[in-house]
Amino acid sequence: MKFISVPAPLVYAGAGSSSALMQAIGNFGHQRVLVVTDKMLVELGLVKQVTASLAEQGIDTVIYDGVLPDPDFGQVNAGIASCKQNRCDAVLAIGGGSALDAAKVIAICSGSDQEPANIVGYFNVKSRGLPIYCVPTTAGTGSEATMVSVVTDAQAETKCFIVDPKLVPDAVALDADLMLKLPAPITAATGMDALTHAIESALSREASEDTLRKSLAAARIIFQNLESAVADGGNRSAREAMALASYYAGSAFTIANVGYVHGMAHQLGALCHLPHGLANALFLPHVLDFYRDTCAPQMARISKSAGIGSANDSDDILAEKLVERVKELSQAIGIPTHADVLKPDQVATIAARAMKESHGLYGYPVPKYMRGEECEAIVRKILP
Ligand code: NAD
């Protein structure tokens with residue numbers, strides 16, 4: 001992935017910035033926009049809040065609210081059918097990573113003759129499709145910045161990855177006002193997803209100066225703000241900081257990639273139906289502990305940037321303190337240490353699939369190689 005050039009979307013940032021994005025959609029001359037979202041966000045009034053100004057500009061909206069957490073091919077295909085039937089000329093995603101990921105594939109396949117199942121994998125998207133605009137309502141996945149969509153194959157209980165620079169949205173709004181009512185457990189889990197992106201991309205062998213700057217900034221901001229955002233969802237400045245950090249982390253990992261935490265979390269999420277952020281949070285301290293003996297300098301860099309430890313600490317101590325700080329943060333925001341739904345007979349499957357994902361052709365540029373039995377031992381640590 002090293003030599004792929006990934007575009008960046010046009011970004012409107014700050015509380016209320018979704019109005020600026022709606023204005024831009026008007027300026028770009030769209031006539032009818034497919035809004036991809038979920039029923040909860042319609043019920044909460046967030047979809048109306050964002051799209052009201054499109055109607056004022058004379059732009060029609062068609063709502064597709066059939067997205068569920070970890071969207072599957074059926075949901076994506078239903079969105080494509082609605083988009084084509086209504087002759088929409090752009091796609092606007094409002095929601096968490098699930099709505100954004102579904103919308104990115106809907107836009108690609110509605111504006112071209114491509115089918116979602118045929119573009120699974122790396123760099124299989126032939127043409128760009130319809131323009132994609134994203135308004136994230138969680139601060140976690142960073143999907144608004146990435147060239148990735150994750151679609152679940154419900155039958156095989158696996159997550160499929162569609163990775164291509166053509167999936168990067170055209171424009172996004174990081175509007176923290178839409179996150180003020182995000183429930184504390186979802187704030188916590190999605191925030192740990194963003195932290196995992198920040199840390200894994202910082203430890204990646206493919207990190208560049210640019211991605212590292214973004215990864216370190218994201219990790220620092222998250223350590224400083226996630227607890228406040230969870231404790232008081234209405235804390236606007238903590239929400240704004242988290243929205244920005246999630247975007248930075250997404251921009252970093254879409255180039256530098258992620259690592260074993262994601263390799264394991266994807267399997268746990270798909271097999272046991274655990275939210276993605278929570279699955280990442282369960283594995284993060286254990287994988288960091290595994291890295292500690294050989295990756296202390298890279299881990300120390302994250303600690304130093306985030307103000308963890310003191311100036312006299314050695315790299316080994318700073319690496320150890322990073323693991324402790326991750327555990328402390330998880331505990332403070334109510335993240336469990338074990339997965340209640342995980343069964344002992346699923347451990348080997350999760351480990352085998354994690355190794356396959358992490359070590360494949362487009363595997364993760366991890367800083368230390370993990371063997372299958374080491375992976376199994378880590379998965380066993382989160383058994384109830
Ligand atoms: P999500 O989109 O599944 O949303 C979780 C829940 O939060 C939903 O029930 C939703 O209705 C609710 N919600 C969202 N915003 C809300 C708000 N402002 N107020 C109240 N409720 C709100 O969760 P997510 O963690 O954002 O996304 C997870 C998905 O993203 C997974 O499928 C994962 O695989 C994928 N993902 C994609 C990328 C990428 O780069 N494309 C990266 C990481 C994860």
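## Surroundings of the ligand

A residue is counted as near the ligand if its C-beta atom, placed from the backbone, lies within 6 Å of it. In this predicted model, 32 residues surround the ligand, and those that come nearest are Met40, Pro69, Gly96, Gly97 and Ser98. Two or more residues of the shell come from each of helix H2 (39-43), helix H5 (97-110), strand S7 (148-153), helix H6 (184-203) and helix H10 (276-306). The most are given by H5, which supplies 4 residues.

Sorted by class, the shell around the ligand comprises 15 polar, 11 nonpolar and 6 charged residues. Domain 1 (10-179) and domain 2 (184-381) each contribute at least three residues to this shell.

## Packing of H7 and H8

Helix H7 spans residues 209-231 and helix H8 residues 236-256; their axes come within 8 Å and cross at roughly 150 degrees. Because angles over 145 degrees count as roughly antiparallel, H7 is roughly antiparallel to H8. The crossing of the two helices is left-handed.

On the H7 side, the residues that meet H8 are Thr211, Lys214, Ser215, Ala217, Ala218, Ile221, Ile222, Asn225, Leu226, Ser228 and Ala229. Their counterparts in H8 are Ala238, Arg239, Ala241, Met242, Leu244, Ala245, Tyr248, Ala249, Ser251, Ala252, Ile255 and Ala256. By class, this contact of H7 with H8 consists of 16 nonpolar, 5 polar and 2 charged residues.

Terms used. Residues are numbered from 1 along each chain as its sequence is written. This is a predicted model: local features need pLDDT of at least 70, side-chain atom pairs count only at pLDDT 80 or more; totals for chains, interfaces and linings use all residues. Axes are lines fitted to C-alpha atoms, for helices over the stretch in contact, and angles run from 0 to 180 degrees between N-to-C directions. Angles under 35 degrees count as roughly parallel, over 145 as roughly antiparallel, 65 to 115 as roughly perpendicular and the rest as oblique. A crossing is left-handed if the near helix is turned anticlockwise from the far one by less than a right angle, and right-handed if clockwise. Two residues are in contact if their C-beta atoms, placed from the backbone, lie within 7 Å. Ala, Val, Leu, Ile, Met, Phe, Trp, Tyr, Cys and Pro count as nonpolar, Asp, Glu, Lys and Arg as charged, and the others, Gly among them, as polar. Domain bounds come from an automatic or database domain assignment.
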